[in-house]
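Me: Hi! I have a protein model open and I'd like some help reading it. Can we go through it together?
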Amino acid sequence: MTEQPHPAPAGDADLGLHDPLAESFPQTVQGRILFWIAVIFSIYQIATAAHLLNLNSQIQRGFHLGFLLLLGFPLLAALRGRSGLWLGVVWLMGAIGVGIAVYQWLNYVPLMLRAGDINAVDTVIGIATLIAVFAAAWVVMGPALPIVAGVFLFYALFGQYFPGALQTRGYSLEQVVEQMSFGTEGIYGTPLYVSATYIFLFILFGSFLEKAGMIRLFTDVSLGMVGHRMGGAAKVSVVSSGLMGTISGSGVANVVTTGQFTIPLMKSFGYRAAFAGGVESTSSMGGQIMPPVMGAVAFIMAETLGVAYVEVVRAAIVPAMLYFASAFWMVHLEAGRRALRGMAKEELPSARKALKDGWYLILPLAVLVFLLFSGFTPLFAGAVGLALTVMLILGASLMLGLPSPVIRAIFWIGLGLAVGFILRERQEAMLWYLVLALLAISAFTNGGRETIAQVIESLAEGAKTALPVGVACALVGVIIGTMTLTGAANTFGIFIVGVGQNSLMLSLLLTMLTCIVLGMGIPTIPNYIITSSIAAPALLELGVPLIVSHMFVFYFGILADLTPPVALACFAAAPIAKESGFKISLEAIKVSAAGFVIPYMAVFTPALMLQAGGPLADSIGFPLAVAYIVLKCVLAIGMWGTAVIGWLGHRLALWERAVAMIAAFTLIAALPLTDEIGFGLAVLFAGIWWLGRRRR
């Protein structure tokens, strides 16, 4: 059952230089202590999600933050090889995290009674919370997010000295500390709540599936499906990263897992190193817009907007398919231009055999998606999906010790019936009692103890993976707290709305630039939270549908990780591709063109995100509007790829590429007659291409 990854090529650069958390727990006494802290952290999260442990929401968030700080500081120090005085400092910071959590727990009722008039001890604890969260974010993610949050905190404290419309009425230190460090408007706000519930569970879910062999299954299916086709190596990257995105949702993590196999594979088949890194980066970042997980932003978006999760997925599904279709098209054209053939079919794994051998791994994911689309809460669906994954891992191990196929079949049928009964009764806590029973049985079977060790390791790895997300969600609460306290979002919104009265397109461009600039070095989740708080209300005021306005800022927050000069995903791919991260990011922008186009097209025609409204849907009806905008988007993507790569069955002249480029731009533009011009140019290009092909 243990995942056997494809071997990485010799000489790969150390990925830990880019992401220390990519490394395993150190094999030292301190490393083992941290390992078990991570395990306890995950068990705590499961216990609260399954209602085995019932805590008030504020206290639950407090302990979640406490675990993040206790684990984060010492673990990063250990992974970076710190020693001496540093160890004392990081463990002290971890202890402060525990103290903060205990203080919230013991003083929950007194703090409520003192709301609006905190005492000196509260103020000291609140300041310590701010220092610890800022420091943790700096240690885990670097300086970008703490600097942005620090600017907002400075504004909250000294806004009365700012000029013009930015001036605030002024707030005391106690007011600011209470806003940020207590209650649910600052650090303990919605982002940390979602991290403490949905996000952690889904990260654990992905961790268990990866340990069970899901990466290998996705890779083998991708190889079997497209590996033998023209440019098959790059198509494998697109398909496998898209599939991984359904359970991972982390672009950079996707790059450093699937990329270790796909990037060297692409290079070995003749793709340029920069292009190979760009394809993997683009495909991996696309995982964050691929339902059901969507980089965990789907859950935050649903919570923020007060809509059902399925509504967010409905808005994301068509754009996600178009995004990956665009990447697939670009690698197909690049392969044709360079005459790069696929791999020998007889040397590739069979997709059918891979599914036949590993079909059971898809069951938890299928159940998860079914529950989410059936209206169950993400918390319930995540807890069930995780429990089923653990059962499959333990059950597969136990099955090996059973003497005959009949008994094995009875075992699986009995387990399935028990699970079905529990789900029908909506008693998810009983699922975990069943998991505990399987763990107890496994402790006395051959191979069972090894499987238990695998389960424990998955718990630890899941907690480690959740660190940057959780810390980011805590710190971004400072930004939201500042905007709630001062009304800063209204100032920016008034500016955007004022610009939009003359040009909606200019407002969209300003919003896009804001998202990309903020996204430089800031992970997708805090980027989305910041920009949706600032810019999305302004777009809504300009008539952009609610979910479309949030999807707009979400998309460009993701694309910031592909955009120079920072381009985190591209620089994560750089040591694997052995190429400059900047060059990779330039290729990624070309491959990910659909990501830049789709949000704009959706604003002017919401039917692209399956949302009602817009002049097109009003004039021809919603179903026809969906068909029309998808057709137009596909044609625009096709024209763009042809123009950029310069190949479509044969090499194209510059003037032919120019016609294709103009056709793509006019199809994207939402101005009078641009659609007619775009379709006309597309027909002209098709005629030119057909005549040119006949002459060859």
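Me: How many residue pairs are in polar contact across the interface of domain 1 and domain 2?
Reply: There are 4 such pairs, with both residues of each at pLDDT 80 or more. Keep in mind that this is a predicted model.

Me: And which classes of residue are on the side of domain 1 that touches domain 2?
Reply: That side has 6 nonpolar residues, along with 2 polar and 2 charged ones.

Me: OK, how many salt bridges are there between domain 1 and domain 2?
Reply: The count there is 0.

Me: What area is buried between domain 1 and domain 2?
Reply: About 1100 Å², and carbon and sulfur atoms give 78% of that. On the domain 1 side, Leu-322, Leu-333 and Arg-337 supply 50% of the area buried against domain 2, which is more than any other three residues supply.

Me: Let me back up a bit. Where are these two domains in the chain?
Reply: The domain assignment puts domain 1 at 192-465 and domain 2 at 612-695. Their contact takes 10 residues from domain 1 and 13 residues from domain 2.

Me: How many Å separate their centres?
Reply: The centres of domain 1 and domain 2 are 35 Å apart, taken over C-alpha atoms.

Me: New topic! How many salt bridges does a search of the whole structure find?
Reply: It finds 11. One to look at is between Glu-587 and Arg-272, with the closest N and O atoms 3.0 Å apart.

Me: Which parts does that pair tie together?
Reply: Glu-587 is in helix H26 (residues 581-591), while Arg-272 is in the loop between helix H11 (251-268) and helix H12 (273-286), so the salt bridge links parts that are 315 residues apart in sequence.

Me: Last thing: what is the mean pLDDT of the chain?
Reply: The mean is 83, and 94% of the residues reach 70 or more. Residues 1-18 have pLDDT below 50, although this stretch has 38 contacts in the model beyond near neighbours in sequence. Where pLDDT is low, predicted coordinates shouldn't be read in detail.

Terms used: Residues are numbered from 1 along each chain as its sequence is written. This is a predicted model: local features need pLDDT of at least 70, side-chain atom pairs count only at pLDDT 80 or more; totals for chains, interfaces and linings use all residues. Side-chain values use heavy atoms; hydrogens and water are left out. Domain bounds come from an automatic or database domain assignment. Contact means heavy atoms within 4.5 Å. Buried area is the accessible area (1.4 Å probe) that two parts lose on being put together, summed over both. A salt bridge is a side-chain nitrogen of Lys or Arg within 4 Å of a carboxyl oxygen of Asp or Glu. A polar contact is a pair of N or O atoms within 3.5 Å; within protein, one must be able to donate a hydrogen and the other to accept it, and residues adjacent in sequence count only if both atoms are side-chain atoms. Ala, Val, Leu, Ile, Met, Phe, Trp, Tyr, Cys and Pro count as nonpolar, Asp, Glu, Lys and Arg as charged, and the others, Gly among them, as polar. pLDDT is the predictor's confidence in each residue, from 0 to 100. Helices (H or I, at least four residues) and strands (E, at least two) are DSSP runs, numbered from the N terminus.
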